[in-house]
Amino acid sequence: MGTNLRELEKIKDKGFAVLKENLSPAELVQFLQMLGVGTGDYTKEKYENDEDITIEDFKKFLAKNN
């Protein structure tokens, strides 16, 4: 089931229309903010991997994985 970008845009537009009809502007903003909230501790996870990587290591990784 392939969905192209135009179909996704239509679905998004229909979804926003339903939300606008049923929610106040403040509720709509709150709802959209709820969807954008991630999980986990980004700051902790960012510094967990303290492995130093050099440009050369990165270039090797890219060469091997492309």
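**Surface patches and overall form of a four-helix model**

Glu51 sits in the loop that joins α3 (42-48) to α4 (55-65), and this residue is a convenient place to enter the structure, which is a predicted model. With a relative accessible area of 62%, Glu51 is exposed. On the surface, Glu51 gathers with Asp52, Glu56 and Asp57 in a patch of negative charge. For the protein taken as a whole, 10 positive and 13 negative charges are counted, and the mean positions of the two sets lie 8 Å apart.

A second patch, this one nonpolar, is also found on the surface, and its members are Ile53, Phe58, Phe61 and Leu62. Together these four side chains offer about 390 Å² of accessible area. Ile53 belongs to the loop between α3 and α4, the loop that also holds Glu51. Ile53 counts as exposed because its relative accessibility is 56%, and the cut-off for that class is over 50%. Phe61, by contrast, is placed in helix α4. Its relative accessibility of 46% means that Phe61 counts as partly exposed. Helix α4 also contains Lys60, a residue that is exposed at a relative accessible area of 58%.

What does a search for salt bridges return across the whole structure? It finds 1 salt bridge, in which the side chains of Glu9 and Lys12 meet at 3.5 Å, N to O. In general terms, side chains of opposite charge can pair when their charged atoms come close. As for the setting of this pair, both residues belong to helix α1 (residues 5-22), and because they are 3 residues apart there, about one helical turn separates Glu9 from Lys12. Neither partner is hidden from the surroundings: Glu9 is partly exposed at a relative accessible area of 41%, and Lys12 is likewise partly exposed at 39%.

Turning to the overall form, the protein has 4 helices and 0 strands, and its elements follow the order α-α-α-α from the N terminus on. The radius of gyration is 21 Å, well over the 11 Å that the globule rule gives for 66 residues, so the protein is more spread out than a compact globule. Taken along the principal axes, the box filled by the C-alpha atoms is roughly 55 × 35 × 20 Å. Two individual distances help to put a scale on this picture. Phe61 and Gln30 are 31 residues apart in sequence, and their C-alpha atoms are 42 Å apart in space. Lys60 and Arg6, with their positions 54 residues apart along the chain, have C-alpha atoms separated by 38 Å.

The accessibility values complete the description. Of the 66 residues in the protein, buried residues make up 3%; a residue is called buried here when its relative accessible area is under 20%. The protein exposes about 6700 Å², and carbon and sulfur atoms supply 57% of that area. To bring the strands of the account together, the loop between α3 and α4 contributes Glu51 to the patch of negative charge and Ile53 to the nonpolar patch, while the salt bridge between Glu9 and Lys12 is found within helix α1.

Conventions
Residues are numbered from 1 along each chain as its sequence is written. This is a predicted model: local features need pLDDT of at least 70, side-chain atom pairs count only at pLDDT 80 or more; totals for chains, interfaces and linings use all residues. Side-chain values use heavy atoms; hydrogens and water are left out. Patches are made of residues with over 30% relative accessible area and no salt bridge: like charges are joined within 9 Å, nonpolar side chains (Val, Leu, Ile, Met, Phe, Trp, Tyr) within 5 Å. Accessible areas come from the Shrake-Rupley method with a 1.4 Å probe; for residues, only the protein chains shown count as cover. Lys and Arg count as positive and Asp and Glu as negative; His and the chain ends are not counted. The place of a charge is taken as NZ of Lys, CZ of Arg, CG of Asp or CD of Glu. Helices (H or I, at least four residues) and strands (E, at least two) are DSSP runs, numbered from the N terminus. Buried means under 20% relative accessible area, exposed over 50%, partly exposed in between (1.4 Å probe, protein chains only). The radius of gyration is taken over C-alpha atoms; the globule rule is 2.2 Å times the number of residues to the power 0.38.
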